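This report is about aromatic side chains and model confidence. Please look over the sequence and the structure before reading on.

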Amino acid sequence: SMQRETVARLARREAMLPPRQREIFRLRFYAELELEEIAAVLGVHVGTVKTQLHRAVHRLRQELEAGR
C-alpha cells in the first residue's frame, strides 16, 4: 500500500539521521516523550532537544518531498 511504502521510506531516511537527531526523533515520535522528558533522559537542555528535533523533521520532510 501507499502508506506502507511511505512508512518504509521514512524508516530508511530516519536511519540515516545523525545519531543524536535520530535518538531524539525516536524518543519524541515513537516513545512519545515530551521535550522536557527527552532532555532529562539525555541529560541535555530542552533547547538542544528542540533544535535537533527541528533539524531531523526538516531533513526528513525534504527527503520525502524529493521522493527519495
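The text below covers confidence, then the aromatic pairs, then the exposure of the residues in them.

The model is predicted. Its chain has a mean pLDDT of 93, and 99% of the residues reach 70 or more. Among the elements of the chain, the lowest mean pLDDT, 88, belongs to helix α1 (residues 2-15), and the highest, 98, to helix α3 (residues 35-42). Where pLDDT is low, predicted coordinates should not be read in detail.

How many aromatic pairs does a search of the whole structure find? The search finds two. In one of them, the ring centres of Phe25 and Phe29 are 4.9 Å apart and the planes meet at 50°. An angle that is neither under 30 degrees nor over 60 counts as tilted, so the pair of Phe25 and Phe29 is tilted. Both residues lie in helix α2 (residues 19-29). Because Phe25 and Phe29 are four residues apart in this helix, about one helical turn separates them.

Phe25 also pairs with Tyr30. Here the centres are 6.1 Å apart and the planes are at 85°, an edge-to-face arrangement. Phe25, Phe29 and Tyr30 together form one aromatic cluster.

Which members of this cluster are buried, and which are partly exposed? The table gives the relative accessible area of each.

| Residue | Relative accessible area | Class |
|---|---|---|
| Phe25 | 6% | buried |
| Phe29 | 43% | partly exposed |
| Tyr30 | 47% | partly exposed |

Phe25, which takes part in the pair with Phe29 and in the pair with Tyr30, is thus listed as buried.

How values were computed: Residues are numbered from 1 along each chain as its sequence is written. This is a predicted model: local features need pLDDT of at least 70, side-chain atom pairs count only at pLDDT 80 or more; totals for chains, interfaces and linings use all residues. Side-chain values use heavy atoms; hydrogens and water are left out. Rings of Phe, Tyr and Trp (its six-membered ring) pair if their centres lie within 6.5 Å; planes under 30 degrees apart count as stacked, over 60 as edge-to-face and the rest as tilted. Helices (H or I, at least four residues) and strands (E, at least two) are DSSP runs, numbered from the N terminus. Buried means under 20% relative accessible area, exposed over 50%, partly exposed in between (1.4 Å probe, protein chains only). pLDDT is the predictor's confidence in each residue, from 0 to 100.
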